[in-house]
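Got the viewer open? Let's take a walk through it, one selection at a time.

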Amino acid sequence: MSEPYSSVTPPRGILSGHPTVIESRTARPAATSKCSFVREPPQTAVPDTRRRFFARGARSGGMILFAKSWLALVAIGLAGCASYPKSNAVAQFAVATNTATTLLQNASKLDLTLAQRNGYEVAVTRYLVNDTFAYPPRDFALLDKQRIAARIAVLDAIGKYAAALAAVEDPQQPAKIGEAVSQLGSVVTAFVKVSDPEADVSRFGPVAGIVSAGATYLVAQRSAIAIRDVANTADPWLKEAADLLARDLGLLNTRYRRRLAELAALQKQKAIYLREDQRVSRIELEKRYLELYTEYQQLAIQVATLDQSKKILKGLIDAHDELRSSEDVDRQILLFKTLVEAISTDVQALKKARQS
Amino acid sequence: MKCKEAYADWTTFAGILRDALDHGVPATHYAVVTDALEAVETELTRFEAAQLTQSEARYAVLTEKLNESKADLERIKDENDKIIQGAERAAQAIAILTSLLPMLA
């Protein structure tokens with residue numbers, strides 16, 4: 001239990017100095033020991049150690065002080081509040097990353113397609129002009145797959161980073177924490193009731209509510225700060241990766257444009273040779289022309305997509321910048337409103353319990 | 001700089017061969033022209049591969065750094081999950097104790 005709860009401790013800077021606050025609050029029981037609700041514990045069959053524990057907690061006003069300490073912690077926490085990045089900014093970054101990965105994967109396929117198609121055109125035309133019969137056709141020079149793999153690896157890392165961002169930014173998580181802490185408070189109340197039927201547990205519920213609201217808020221704050229820290233650290237690496245990828249994709253784009261122009265020239269040359277053969281009908285030639293043009297158009301679209309690489313990678317960087325600078329103000333307000341409402345309701349309940 | 005110039009020269013050469021095919025070469029010269037084109041493409045590919053290789057060490061570093069950032073984010077999520085699980089487990093344990101307590105008393 002110690003490890004998970006240690007995580008609730010807010011990061012340095014937000015609650016710096018809170019131990020002092022707790023000390024000053026915890027120093028008050030002596031002053032408030034004259035309160036009317038402080039009674040001597042009844043003599044029951046409950047063991048001494050357990051009775052002492054609950055007598056201190058439930059009857060000496062310790063819980064009120066505990067709640068006040070939490071309020072102090074939360075008040076200090078509010079001073080350094082940080083908000084989550086906007087969910088849509090995180091989603092936009094993930095989409096931009098996927099687009100860039102798809103682009104590079106298509107670039108890798110395109111290298112093979114153009115090398116094979118150019119090799120085939122040369123081999124088949126040589127055969128048509130009664131030159132050598134090369135089978136299978138020899139592909140034009142290919143880039144080593146390793147060249148593309150290194151780039152896919154960095155984009156894959158960016159993709160996983162984007163997925164981790166989306167997972168940690170789950171808007172429901174602080175609420176889940178609050179629910180779990182609140183549930184813990186309920187079972188503690190039930191436990192105290194069973195262990196000491198005469199114990200005054202009317203203050204347990206409100207205190208559990210305050211602790212739950214405070215824990216929810218502090219964990220949300222802590223996560224928001226940590227997420228921003230990671231995003232700020234990763235930002236220069238992302239920018240450098242995007243710059244390198246843009247440069248490399250520019251080089252690949254030049255290569256594929258050249259290969260595509262060569263394919264068109266090879267196809268044209270083959271069509272000229274076919275036209276010279278009087279046995280090939282005009283209708284057949286037109287059909288061949290349409291087939292070649294359709295194929296060329298499809299490849300030209302794929303090459304043209306690479307032209308968008310700079311824009312796509314810039315979009316990726318912009319999306320990350322937006323993610324870093326955006327603040328989910330709505331969520332921040334909702335979280336704060338929930339916190340204030342929960343605390344004010346529970347403090348009222350505590351006051352009532354104290355008066356009764 | 002020498003590399004850049006050589007690359008530009010090979011590119012120009014590829015352009016000349018492509019233009020020749022575009023305008024039509026006699027069938028008897030087709031093999032010579034396409035052999036030359038293939039050879040030029042092999043050279044150009046060598047240059048392009050060399051240029052792409054230059055940045056690969058940096059890609060490896062960046063990949064590692066980004067994986068570290070991913071791990072950091074996963075740690076944040078794990079810590080939050082542990083808080084929830086810890087509270088739930090504690091609640092379960094206390095609930096069991098509560099049910100056992102009347103028997104012990």
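What does the pLDDT of chain A average, and what share of the residues score at least 70? Colour chain A by pLDDT (the predictor's confidence in each residue, from 0 to 100): the average is 75, and 70% of the residues score at least 70.

Before going on, some ground rules. This is a predicted model, where local features need pLDDT of at least 70, side-chain atom pairs count only at pLDDT 80 or more, and totals for chains, interfaces and linings use all residues. Residues are numbered from 1 along each chain as its sequence is written, chains are lettered from A and ligands numbered from 1 in the order in which they are written, and side-chain values use heavy atoms, with hydrogens and water left out.

Now select residues 1-60 of chain A, where the pLDDT is below 50; beyond near neighbours in sequence, this stretch has 80 contacts in the model (a contact means heavy atoms within 4.5 Å). Where pLDDT is low, the predicted coordinates should not be read in detail. Confidence in chain A bottoms out in helix α2 (residues 18-26), with a mean of 35, and peaks in helix α10 (residues 282-307), at 92. Helices here are DSSP runs (H or I, at least four residues), numbered from the N terminus.

Switch to chain B. Its mean pLDDT is 89, with 97% of its residues at 70 or more. Helix α2(B) (residues 30-54) has the highest mean among the elements of chain B, 95, and helix α3(B) (residues 56-104) the lowest, 86. For the model, ipTM is 0.83 and pTM 0.70.

Next, show both chains and pick out the interface: 73 residues from chain A and 58 residues from chain B take part in the contact. Together the chains bury about 6,000 Å², 68% of it on carbon and sulfur atoms; that is accessible area (1.4 Å probe) lost on putting the two parts together, summed over both. Click on Trp237(A), Leu251(A) and Arg258(A), which supply 11% of the area that chain A buries against chain B, more than any other three residues.

Stay on Arg258(A): its side chain meets that of Glu41(B) in a salt bridge (2.8 Å, N to O). There are eleven salt bridges between the chains, each being a side-chain nitrogen of Lys or Arg within 4 Å of a carboxyl oxygen of Asp or Glu.

Last stop: the loop between α6 and α7 of chain A, home to Pro136(A). A cis peptide bond links Tyr135(A) to Pro136(A), with omega about -5 degrees.

Key. Helices (H or I, at least four residues) and strands (E, at least two) are DSSP runs, numbered from the N terminus.
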